[in-house]
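Q: I have not looked at this one before. Can you walk me through it?

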Amino acid sequence: MTKLGLEHLKSFATRGVLVDMVKVYQQAGKLKTNAACKKPCIDKGTVITKADLEAGLKMYNVTLREGDILIIHTGWGNLFEQYPAQNAVYNSGEPGLGKEAANWLVSQKIVAVGNDTWGVEVIPGENPKEAFIVHNILLTDAGIHIMENVRTDLMADEADRTKRATFFFSMTVPKAVGLTGNFVAIEGIR
């Protein structure tokens, strides 16, 4: 907690990379969606794998580089947009990263990962005896920051429109002592 407190963070200014998992799953013919979503979304409990991430990167002919920030679009954020009507569904679980993908991201030496869910990792988890294991792998073991509830739909639309999934990522981190999380302002500049 003392190592990753917000008082130790500087603002982020690096390359952002978007992976549109909805598109990846649609193209692979394996999109399992949730009826409550008004736009295509990946259903809760869907494990995003290393192969899925690689397919998303290949879709835009991009690779991850050391220091990148990865943003993952799952469509689950559409339920958050429907607050309060879909609050129970949104909080009941989520699609997200599995352990294999998290370990692969560590090997890629990214600095942060974010998506449009409340926890970044798959809920329910892959192993019921491991609570928030992806958080442990990314945050605790590797110091990779997590951004939750990112508005990824606009990024995914822009990537689809321009056929480009990279952008300049800027995020100002508010200075506060003793916090490990807070609201932040993200800017993605093409």
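Q: How many aromatic pairs does the structure hold?
A: There are two aromatic pairs. Rings of Phe, Tyr and Trp (its six-membered ring) pair if their centres lie within 6.5 Å, and planes under 30 degrees apart count as stacked, over 60 as edge-to-face and the rest as tilted. F80 and Y90 form a tilted pair, 5.4 Å centre to centre with 50° between the planes. F80 lies in helix 3 (residues 77-81) and Y90 in helix 4 (residues 87-91), so this pair ties together parts 10 residues apart in sequence. Helices are DSSP runs of H or I of at least four residues, strands are runs of E of at least two, and both are numbered from the N terminus.

Q: Is this a predicted model, and what should I know about the numbering?
A: This is a predicted model: local features need pLDDT of at least 70, side-chain atom pairs count only at pLDDT 80 or more, and totals for chains, interfaces and linings use all residues. Residues are numbered from 1 along each chain as its sequence is written, and side-chain values use heavy atoms, with hydrogens and water left out.

Q: Back to the rings: is Y90 buried or exposed?
A: Y90 is buried, at 2% relative accessibility, while F80 is partly exposed at 47%. Buried means under 20% relative accessible area, exposed over 50%, and partly exposed in between (1.4 Å probe, protein chains only).

Q: Which residues form the other tilted pair?
A: F167 and F169, at 6.4 Å centre to centre and 45° between the planes. F167 counts as buried at 12% relative accessibility, and F169 is buried at 0%.

Q: New topic. How many residues are in the largest nonpolar core?
A: The largest nonpolar core has 45 residues, and L53, L70, L97, L105 and V113 have the most contacts inside it. Such a core is a set of buried Ala, Val, Leu, Ile, Met, Phe, Trp, Tyr and Cys residues joined through side-chain atoms within 4.5 Å. A second, separate core of six residues includes A36, C41, L79 and Y90.

Q: Which residues of helix 6 are buried?
A: In helix 6 (residues 133-142), V134, H135, I137 and L138 are buried. Helix 6 is followed by G143, whose phi is positive, near 70°.
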